[in-house]
Amino acid sequence: ARNVTVDEIVTAYKQACQKLNCKQIPKLLMQIQEFEDLAPRIDRLDLKGEKLDYKACEALEEIFKRVQFKIIDLEQTSLDEDGASALFDMIEYYESATHLNISFNKHIGTRGWQAAACMIRKTNCLQYLDARNTPLLDDSAPFVARALRISSSLVVLHLENASLSGRPLVLLASALKMNMNLRELYLADNKLNGLQDSSQLGNLLKFNCCIQILDLRNNHILDSGLAYICEGLKEQRRGLVTLVLWNNQLTHAGMAYLGMTLPQTQSLETLNLGHNPIGNEGVRNLKSGLIGNCSVLRLGLASTKLTCEGAVAVAEFFAESPRLLRLDLRENEIKTGGLMALSLALKVNHSLLRLDLDREPKKESVKSFIETQKTLLAEIQNSCKRNFILAKEKEEKEQKLQQSASMPEITVTEPLEEGPAEDGRDGNAASAPEEGEEAGETPTASENGNVEPAEDDRGDPPPLHITDELQRNASTGSPAASPASAPSQGNERRISVSSPGRGRKIFVVTRVEILPEQAADATCPWEDADATVKPAEPQSPALATKPELPAPQANGAVPESAAGSLTVPAAPSASSDPKRGDPAACESTAHDTPLPNGLKMDFAQALPEASLDSDRKIGSCTAEHELSCSKNEQELEELLLEASQDAGQEPL
């Protein structure tokens, strides 16, 4: 209903109660009076503990036809078949709730479950259904199974203590094999056995890779049932994130199955094995599997009959683990020796944020050991705090790097004296974009102050390598200028850099432009702009065919240019003699000569032309002509041959 008011809802409900000759629910009237904004879904309708017979349920329709809710709580409302079927029909028709709690209603019967199944199947908004302690018996299970098989919007399903062992679980598991929407399935306290029931769960895990949480606590899975579940786990390439096996009578024999399975699971992050008599031998069986696993972040081993020997095995595992976040070892007989092993392991582990241990020290034959236990417990707590601080700092750094990597436009200025490597640490993505360097990567500074990009893990060289050779120091060959030549704001240029992604170090300069207010005043832009990039010109891609020898470093060594990179040297100042360069000759050479790094000429020609006047274009051709005339032809041929061989050895 539209434009409805709280008074209208109250009046309609009271009239319905009077007509049906049933008592009004004071708790319900109080909640209605507190409703404020009726347009969206109201947060909650709480009827927990109120006795709802058929007439009381019928009166609720006057509310459901006027307002919708996020959560409707019908826990322990003594619903019978008639009342439950009427309520579920209303919730389906009016799409009254996204979260529905019908737990602790033991008498909804077959007709109630049939109406609930129809609601599950037809209601597109229902995402959460809690039916704890509401028996789903053999005659009711087929309706629910059919609803879950077809297409259900349910994401979370609670069926704890619902008498599922046997045929109901067979129907439920076979239906859920085809369900792609359910993410959380809670089946605790159902007396599931280690044979047929566990076999059905194993088959479910083989075929359904969408369920992320499977809670099987307080059942009778046993070691035999765990073997079936492990067979299903091996097929979980993606999907199951949390597996709870708390209190299922598992022993060291079951841990052998699990230890062999864990290296093959790729998505499992939380494994809770608490309250199982695993013992020290079970932890030893589990250790090799945990070391080979690359996904487990949380491990629960509370009350698993561990002593100091088991604690040592656990310490050996997480000392090597770079990812474990939480470990629960409460209610175990871990004394001084075990605590010492855990404390030493935490000194080398930098990922564990929480290690749960009993607060009170265990009884020891030597009284001084009790004080030692207290000291070790404090050390363990401090180590976890240290790891937490480190994790927080790492997260902040990653956020800065992501922000810098997503900057679409970069303003390049002359690097300061402390070097561009520090700029990179500050999250400045402009720390050397002309070097084809990936944002956030730590550059390596060579002796002469040049910045060389660190090698990528894959070893792929950047296909476009643009260096700044504009203002070279004659003695060191360093592009670093003296303090007197520090640029003003007039030396800034705006460079648009496009990147296909962070996975590969590929940065392509797509546009270079001088800031508009500085374009008219720039008299010798190629001499003044020390840290800017020379525009790529389609007329002179033949620059790449005459690679310039880099200036020697301070120790006399010649720096190696990255194989497969395109080096664009600087043009001389505009005062060079323009007669020495023939633009037409440059252009013809550009079209005929292939690039030495194997790149097609179309790539260089595809770079957009910068908005410069014709004098500067002639100047670039002049630079090329001077370069070609000043070199011995034989030396150039040798350089070209060497460059082409390097490019062939390291493919782009």
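Biologist: Is Cys118 buried or exposed in this structure?

Modeller: This is a predicted model, and the values are computed from it. The cut-off for buried is under 20% relative accessible area. Cys118 has a relative accessible area of 17%, so Cys118 counts as buried.

Biologist: How many disulfides does a search of the whole structure find?

Modeller: A disulfide needs two cysteine sulfur atoms within 2.5 Å. Cys209 is in no disulfide, since the nearest cysteine sulfur, that of Cys210, is 7.1 Å away. For the whole structure, the number of disulfides found is 0.

Biologist: Is Cys209 buried, partly exposed or exposed?

Modeller: Buried requires a value under 20%, and exposed requires one over 50%. The relative accessible area of Cys209 is 21%, so this residue is partly exposed.

Biologist: How many salt bridges are there?

Modeller: Side chains of opposite charge can pair when their charged atoms come close. The cut-off used here is 4 Å between a side-chain nitrogen of Lys or Arg and a carboxyl oxygen of Asp or Glu. By this rule the count of salt bridges is 20.

Biologist: Which residue forms a salt bridge with Lys27, and where do the two partners lie?

Modeller: The N to O distance in this salt bridge is 3.9 Å, and the partner of Lys27 is Asp46. The two are 19 residues apart and link distant parts of the chain. Lys27 is partly exposed, at 28% relative accessible area. Lys27 lies in helix α2 (residues 26-33), and Asp46 lies in strand β1 (residues 42-46).

Biologist: Which two helices are tied together by the salt bridge of Glu309 and Arg284?

Modeller: The closest N and O atoms of Glu309 and Arg284 are 2.4 Å apart. The two residues are 25 apart in sequence and lie in separate helices, so their salt bridge ties those parts together. Glu309 is partly exposed at 47% relative accessibility, and Arg284 is partly exposed at 40%. Glu309 belongs to helix α13 (residues 308-320) and Arg284 to helix α12 (residues 279-292).

Biologist: What separates Lys374 and Glu371 along helix α15?

Modeller: The side chains of Lys374 and Glu371 meet in a salt bridge, with N to O at 3.8 Å. Lys374 is partly exposed at 42% relative accessibility, and Glu371 is partly exposed at 48%. Because the two are 3 residues apart in helix α15 (residues 368-405), their separation is about one helical turn.

Biologist: Which residues are linked with Lys48 in a network of salt bridges?

Modeller: A network of salt bridges links Lys48 with other residues. Those residues are Glu75, Asp130 and Arg132.

Biologist: Is Ala147 buried or exposed, and which residues is Ala147 in contact with?

Modeller: Ala147 is found in helix α7 (residues 141-150). Its relative accessibility is 0%, so Ala147 counts as buried. Arg121 is 26 residues away in sequence, yet the C-alpha atoms of Ala147 and Arg121 are 4.9 Å apart. Leaving aside neighbours within four places in sequence, the contacts of Ala147 are Ala117, Ile120, Arg121 and Ser152.

Biologist: Where is Glu36, and how far is its C-alpha atom from that of Thr5?

Modeller: Glu36 sits in the loop between α2 and β1. Glu36 has a relative accessible area of 76%, so this residue is exposed. Along the chain Glu36 and Thr5 are 31 residues apart, and their C-alpha atoms are separated by 9.3 Å.

Biologist: Is Ser383 buried or exposed?

Modeller: Ser383 lies in helix α15. Its C-alpha atom is 8.1 Å from that of Ser343, a residue 40 positions away in sequence. At 9% relative accessibility, under the 20% cut-off, Ser383 is buried.

Biologist: What is the volume of the second largest cavity, and which residues line it?

Modeller: The search of the whole structure finds 7 cavities of 30 Å³ or more. The second largest of them holds about 70 Å³ of space. Its lining residues are Leu329, Asn332, Ile334, Leu339, Leu357, Asp358, Glu360, Pro361, Lys362, Gln373 and Leu377.

Biologist: What percentage of the residues of the protein count as buried?

Modeller: The protein has 22 helices and 17 strands. Its accessible surface is about 32,400 Å², with 50% belonging to carbon and sulfur atoms. Of its 652 residues, the buried share is 46%.

How values were computed
Residues numbered from 1 in each chain as written. Predicted model: local features only at pLDDT ≥ 70, side-chain atom pairs only at ≥ 80, totals over all residues. Heavy atoms only, no water. Buried < 20%, exposed > 50% of the residue type's maximum accessible area, 1.4 Å probe, protein only. Helix = DSSP H or I, 4+ residues; strand = E, 2+ residues; numbered from the N terminus. Areas by Shrake-Rupley, 256 points an atom, 1.4 Å probe, with all protein chains shown as cover. 1 Å grid on protein atoms, 1.4 Å probe; cavity = no way out; pocket = protein on both sides within 12 Å on 5 of 7 lines; lining within 4 Å. Points joined across faces, edges and corners; volume = space filled by probe spheres on them. Contact = heavy atoms within 4.5 Å.
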